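Dear colleague,

Please find below the structure that I am handing over to you. My notes on what was found in it follow directly after.

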Amino acid sequence: MSTVYDVIVIGTGPGGYHAAIRAAQLGKRVLAVEAEYVGGVCLNVGCIPTKALLHAAEELEGVKHGASFGLEVKDAKIDLKKLGSWRDGIVKRLTGGVSQLFKGNKVELKTGFAKFVGPKTIEVAGERIEGKTFIIATGSEPNTLPGFEVDQKDIVDSTGALRVEDKFPKRMLCIGGGAIGLEFAQVYKRMGAEVTVIEFMGQILPAADPETAGLLAKILTKQGIAIKTHTKGVKVERKKDGLHVTLEDVKTGKQEVIVVDKILVATGRRPRGKGLGLEAIGVKVDERGYIPTNEKMETNVPGIYAIGDVTRPPLLAHKAMKEGLVAAENAAGGNAVMDYQIPNVVYTSPEWAAVGLTEEEATQAGYKVKVGKFPLSASGRAMTLDATDGLIKLIGDAETDLLLGAHLVAPSASDLIAEMALAIEMGATVTDIGLTVHAHPTLSEGIMEAAENLHKQAIHIANR
Amino acid sequence: MSTVYDVIVIGTGPGGYHAAIRAAQLGKRVLAVEAEYVGGVCLNVGCIPTKALLHAAEELEGVKHGASFGLEVKDAKIDLKKLGSWRDGIVKRLTGGVSQLFKGNKVELKTGFAKFVGPKTIEVAGERIEGKTFIIATGSEPNTLPGFEVDQKDIVDSTGALRVEDKFPKRMLCIGGGAIGLEFAQVYKRMGAEVTVIEFMGQILPAADPETAGLLAKILTKQGIAIKTHTKGVKVERKKDGLHVTLEDVKTGKQEVIVVDKILVATGRRPRGKGLGLEAIGVKVDERGYIPTNEKMETNVPGIYAIGDVTRPPLLAHKAMKEGLVAAENAAGGNAVMDYQIPNVVYTSPEWAAVGLTEEEATQAGYKVKVGKFPLSASGRAMTLDATDGLIKLIGDAETDLLLGAHLVAPSASDLIAEMALAIEMGATVTDIGLTVHAHPTLSEGIMEAAENLHKQAIHIANR
Amino acid sequence: PPRAATNPYGRVIAVPAARKLARELGLDIAQIPGSGPGGRVRVEDVRSYAEHQGSRVE
Ligand SMILES: Cc1cc2nc3c(=O)[nH]c(=O)nc-3n(C[C@H](O)[C@H](O)[C@H](O)COP(=O)(O)OP(=O)(O)OC[C@H]3O[C@@H](n4cnc5c(N)ncnc54)[C@H](O)[C@@H]3O)c2cc1C
Ligand SMILES: Cc1cc2nc3c(=O)[nH]c(=O)nc-3n(C[C@H](O)[C@H](O)[C@H](O)COP(=O)(O)OP(=O)(O)OC[C@H]3O[C@@H](n4cnc5c(N)ncnc54)[C@H](O)[C@@H]3O)c2cc1C
C-alpha cells in the first residue's frame, strides 16, 4: 500500500470518467474504481442503448411514413437478434473506448465496490487504497414503486425494458411520463406494441414548459400512444389474459382496469450512496439520499467531491460530465465552479429540448417576459423532411432583450438546442439571434424566426 | 398612374420576398414584380425541391442501410409519380405561403417582366409604374457550357434534373462538383443510377476547406459515386448506346470516353440583369454581369438597391434574404449594413457545412491559426444514428482564442452550423464553446470536443 | 479614450445587436470601448457610450 493517489474517482459513469480523465490531463495520478461496468448507467443501460433502439424504431417508422412521398416497401420488420447485437456492439465500442482513454491518459482502473474505511482511505476487494482527494460519482438507480415490484420479466425497469431479444409485448404500460417513460413508449409503440403512458402530474415532463410538453403529448397521441395524466397505478393482478392494472385518476379518485403484457416502471431514479461508508468519514447525505456539495462540487468534507446523479438533479449525463470536469479541476488545485446552463432533451421523434427558464419560471423570477414562437408547419425544411409537427419557443427579457430560455419540439432538437445554450452562456440578446444569418433551408432558421417573432418582425409567419 | 410606391421590388425569390415583406413591416407602400413564379429559383426549382428529393433518396437508402441493425425490407422502391406530386405539393404550399404573406403584409404583387424606362419608373406588361426606391432582386440562371447545350432531355441543367416523373437514367454524368452537382449526384445514385461527377478544379467544393471537402469526396466515393477532379468535359456524341462524353484530365491532357444516359450541367450560375434597362438609368454592371453595391446594398445610383444572386457570390438563398432585409431597412430610411457571416451547406448525407474562415484563409489573413478536430467515429450519438462518417473542425486564433471558422461533415451539419455562426457573430472564443454544456448524447457534443481538442483537452479523443 | 477591440482582420469584436444599435444611433462602433470578455462590445456599452456622448454635447 505504498502508492498514494492524487485523485481517486469512485464510479466510472459519465461523471466519473470525465473527472478521472481531466484530473489525469492536469498531471495528477488518478485511480478510478468501478463496481460493475466501465461507463456507468449512461453507456451501458442508459443514454446510449436507448438512443440505439430509438433510432431503429424511427427508421422502421420512416419506412411506413415514407408512403407520403412514394416510398413503397413490403414486409418491413426488424430482426431483434440483430438489433440487440448492433446495440450491444455500440455499447462495447464506447465502453471499450473509455477503457482505452483511461490507458491513454494513464488513469488506473480497479474493479470492485469501493468503501471508505478512513478519511483518506478506501477499501476495494479487500485492498486498502489511499488518496489525497476523492471524487464520488456513484450515480443513481431506479426508484421502486410499491405494488409494482420489478421482476425484469412482466414488470421491468429501464434496464429490463432494454432487453427485447425475443419479441416485443402486445400491450405495454409505462408508469411515468418523463424522458425515460416517453422514449420507451415510442420504441415499443413503433415496434408494434399498444402503449399506454400514465403520469401522476397534470402533464408529461412535469417540470417542462407546459406548451411544448403539451404539444409533444399531442403529437405522441397522434402517433397512437395513449397518454393519461393525473393518473397513478394502484395495483396489478396477474391473470391468464395478462396483467390487470388498476389505474386511478388522482383528481377524481375514479378507478379503471387496463390489461397489458408488460409494465415499465419509470418513476424516476434515486441517488446511490449506500454502502459507501460515508458516515465513517462524516460526509453529509440529505434526506433524499443526495450528497450535497458547494458550487466547486466539494462536499462538507474538504477534499471529497461528489458529482453526477448522486449529488443532485437533474439526473443527466452531461450535467454529470461537467460536474466531473469542475471537480477534477478543483481536486487538481484549480478553481472551477459549476455555474452552467444544463440543456434537457427527450429523444422521441420529434425530439423535445429545452435550456434556461420557462415562461413561468422567468415571470416568477421577476422578469418582464416576452415570448417568440415559430411553428414548424411554416418551415420549408420541415416540409422537405416530412416532419412539420413541432414548435420553437423562445423566452426573452422585455427590458434587456436577453435570451432567458428556449423550448423546442422538433427533429434534431437535441442539436438545435446547442445554439440556444451557447446563446445563454454568451449573454446573447434575442436580437443577436435574430440578426445571425441561418442557412436556408434549415430547421435552425426557425430559431431565427422565433427570435424575430418576439420582436414582431418574423418573415414567414404573421406576427401577432 | 397615380400611385407612387415607396419601394418597388423586382423579383420575388428569397431576396425579393424578404425585402418586400420587411419594407412593408416598416410601414412602406410596397410593390413586388415577378416575371415568372413567386418564390424565385429557391422555392420553385432550387433549395426546396432538391431537399425534398434528397430526403426521399435518403429514406430509400436508409431502408437498405438499416440491415446493420436488423431492418429487413422487401422490394423497397419509390413511386416517382407520388414523389413528384409530394415535391410539387411542398413547392405549392411554400409559394402559396409567400403570396399569403404578401397579402397579410399588404405587399402588392404584379406579374410581368419589369424594365426601367426612367430613373424612377419601370414598365411591366405595358404599364408604367413609379417608385421612390427600387430593390433589384432578379437572381441568377444556370451557366451554359459550350459543347453541352442543355436540351432538358439528354443534357439538363438543375431544373431539368428535378424532373424525374418517368424514371431515373441508368448512367448519369454531373459536370461540376459544387453543391448542386453533388446533391443531384447523390439523389440519382440512391435512386439507382450509376453516377460520375467531374470537377475542373483539384477538389470538389473548390473554395471549401480541403480536408472536409476531401473527406466528403471520400465518403461519397464509398457510397458509390465516381468523382474525378481536375477533369473537364470536352464534347458529347449521341450514339445508339448512349451519350459518349469525352473527358479530359486538365493536368495531363489525357482523354477518355465515358458512356452515359444523362448529363447534368452544373457549372455554376450567372447573374440575371439583362433586359432590365439598367443602362438607361445608369446602374453599373460589372464585367461578370453582377450589379455592385455598397454595404448598404445600394448601387451606384442612390435609391436603387440590388440584392441576392444578381449582386455577388456566394449565390445562396440566406445571403439573398439577409441582403433583402438590409436593403429594405435602408430603403425605408434605416441604417443597416451587410456585415454578417454567411454559412454554406451541401445537403448530401452526411451534410457538409461551414462558416467563417478556412485554415488557409485565416493564415493568409495574418492569424496564428490553431485547429481543433473531432471525428464522428468517436461520437456515441453518431454510432446510435449509424452514421459515423464525418468530422468537426474548428479554426481558432491562437492569440485571442476567437473562433474564426468551422467546417463540418456530419448528419444535421446544416443545423449544427447555426451554433457556429452565432458564435462567430457573438465574438465567442473557442473556450466559450468548449465550456458550454452540450447535451449528451448529441452530435453537437462533437463541436464542444473539437473546441476542447484545440486546447488539447478533449475527453473522448487523444489530443495530439 | 480606449477603443473597441478589433481582430487582426480589423473587424470590431461586437455582438450583432450592438452593431445594429450603434448604427441606429449614428455611432462608430470602432470608437466604443467594449466591456465584454476580450473587449467585446455589447449593447450596454453602446448605450452608455451614447449617454456619455449625449451629456458631452449638452
Ligand atoms: C434508460 C435511461 C436513459 C437515459 N438517457 C439519458 C440521456 O439520453 N441523456 C442524459 O443526459 N442522461 C440520460 N440518462 C441519465 C444518465 O444515464 C445519468 O444521468 C448518468 O449516467 C449519471 O452519471 P453518473 O456518472 O452520475 O453515474 P452513473 O452513470 O450512474 O454511474 C455510476 C457508476 O458508479 C458505479 N458505482 C456505484 N457505487 C460504487 C462503488 N461504491 N464503488 C465503485 N463503483 C460504484 C456504478 O457501478 C456505476 O458504473 C438516462 C438514464 C437511463 C436510466
Ligand atoms: C438546384 C439548386 C439548389 C439550390 N439549393 C440551395 C440551398 O439549398 N441553399 C441555398 O442557400 N441556396 C440554394 N440555391 C441557390 C438559391 O436558389 C439562390 O441563391 C436564390 O434563389 C437567390 O435568390 P434571389 O432572390 O437572388 O433570386 P432568385 O431566386 O433567382 O429569384 C429571382 C426572381 O426574379 C424574377 N425576375 C428576374 N428578372 C425579372 C424582371 N426583370 N422582372 C420581374 N421579375 C424578374 C425571376 O423570375 C425570379 O423569380 C440553389 C440553387 C439551385 C439552382
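A helix here is a DSSP run of H or I of at least four residues, and helices are numbered from the N terminus. In these terms, A:Thr95 belongs to helix 4 of chain A, which covers residues 80-104. Please bear in mind throughout that this is a predicted model.

A:Thr95 has a relative accessibility of 13% and counts as buried, because the cut-off for that class is under 20% relative accessible area. Leaving aside residues up to four places away in sequence, A:Thr95 touches A:Val38, A:Leu43 and A:Asn44.

Chain A as a whole

Chain A contains 14 helices and 23 strands. Its radius of gyration is 24 Å, close to the 23 Å that the globule rule gives for 464 residues, and chain A is therefore as compact as a globular protein of that length. Taken along the principal axes, the box filled by the C-alpha atoms of chain A is roughly 70 × 65 × 45 Å.

Of the 464 residues in chain A, 59% count as buried. The exposed area of chain A is about 17700 Å², of which carbon and sulfur atoms supply 51%. Among the contacts in chain A with a separation of 6 or more, 62% are between residues 24 or more positions apart. Chain A carries 54 positive and 57 negative charges, and the mean positions of these two sets are 5 Å apart.

Cysteines

How many disulfides does a search of the whole structure find? The search gives 2 over all chains. One of them is formed by A:Cys42 and A:Cys47, with the sulfur atoms 2.3 Å apart. The angle about this S-S bond is -125 degrees, and the link of A:Cys42 and A:Cys47 is left-handed. Both A:Cys42 and A:Cys47 are buried.

In chain B, a disulfide is formed by B:Cys42 and B:Cys47, whose sulfur atoms are 2.3 Å apart. The link of B:Cys42 and B:Cys47 is left-handed, with -125 degrees about the S-S bond. B:Cys42 counts as buried at 4% relative accessibility, and B:Cys47 is buried with a relative accessible area of 16%.

Why does A:Cys174 form no bond with the closest cysteine sulfur? That sulfur is in A:Cys47 and lies 18 Å from the sulfur of A:Cys174, which is too far for a bond, because a disulfide needs sulfur atoms within 2.5 Å. A:Cys174 is buried, at 0% relative accessibility. For B:Cys174, the closest cysteine sulfur is that of B:Cys47, at 18 Å, and this is too far for a bond. B:Cys174 also counts as buried, at 0% relative accessibility.

Helix 1 of chain C

Is helix 1 of chain C largely enclosed or largely open? Of its 9 residues, 7 are buried, so helix 1 of chain C is largely enclosed by the rest of the structure. The buried residues of this helix are C:Pro16, C:Ala17, C:Ala18, C:Arg19, C:Leu21, C:Ala22 and C:Arg23.

C:Lys20 is placed in this helix, which spans residues 16-24. With a relative accessible area of 22%, C:Lys20 is partly exposed. Not counting residues up to four places away in sequence, C:Lys20 touches A:Thr431, A:Leu435 and B:Glu329. C:Lys20 and C:Val41 are 21 residues apart in sequence, and their C-alpha atoms are 12 Å apart in space. Just after helix 1 of chain C, C:Gly26 has a positive phi of about 70 degrees.

Backbone details

Two cis peptide bonds deserve mention. In chain A, A:His440 and A:Pro441 are joined by a cis peptide bond with omega of about -10 degrees. A:Pro441 lies in the loop between helix 13 (430-435) and helix 14 (445-454) of chain A. In chain B, the peptide bond from B:Pro313 to B:Pro314 is cis, and its omega is near -5 degrees. B:Pro314 is placed in the loop between strand 18 (304-306) and helix 9 (317-331) of chain B.

Positive phi values also occur in residues other than glycine. For B:Met297, phi is near 70 degrees; B:Met297 is found in the loop between helix 8 (278-281) and strand 18 of chain B and is buried, with a relative accessible area of 0%. For B:Lys456, phi is near 60 degrees, and B:Lys456 lies in the segment after helix 14 (445-454) of chain B.

With kind regards

How values were computed. Residues are numbered from 1 along each chain as its sequence is written. Chains are lettered from A and ligands numbered from 1 in the order in which they are written. This is a predicted model: local features need pLDDT of at least 70, side-chain atom pairs count only at pLDDT 80 or more; totals for chains, interfaces and linings use all residues. Side-chain values use heavy atoms; hydrogens and water are left out. Helices (H or I, at least four residues) and strands (E, at least two) are DSSP runs, numbered from the N terminus. The radius of gyration is taken over C-alpha atoms; the globule rule is 2.2 Å times the number of residues to the power 0.38. Buried means under 20% relative accessible area, exposed over 50%, partly exposed in between (1.4 Å probe, protein chains only). Contact means heavy atoms within 4.5 Å. Accessible areas come from the Shrake-Rupley method with a 1.4 Å probe; for residues, only the protein chains shown count as cover. Lys and Arg count as positive and Asp and Glu as negative; His and the chain ends are not counted. The place of a charge is taken as NZ of Lys, CZ of Arg, CG of Asp or CD of Glu.
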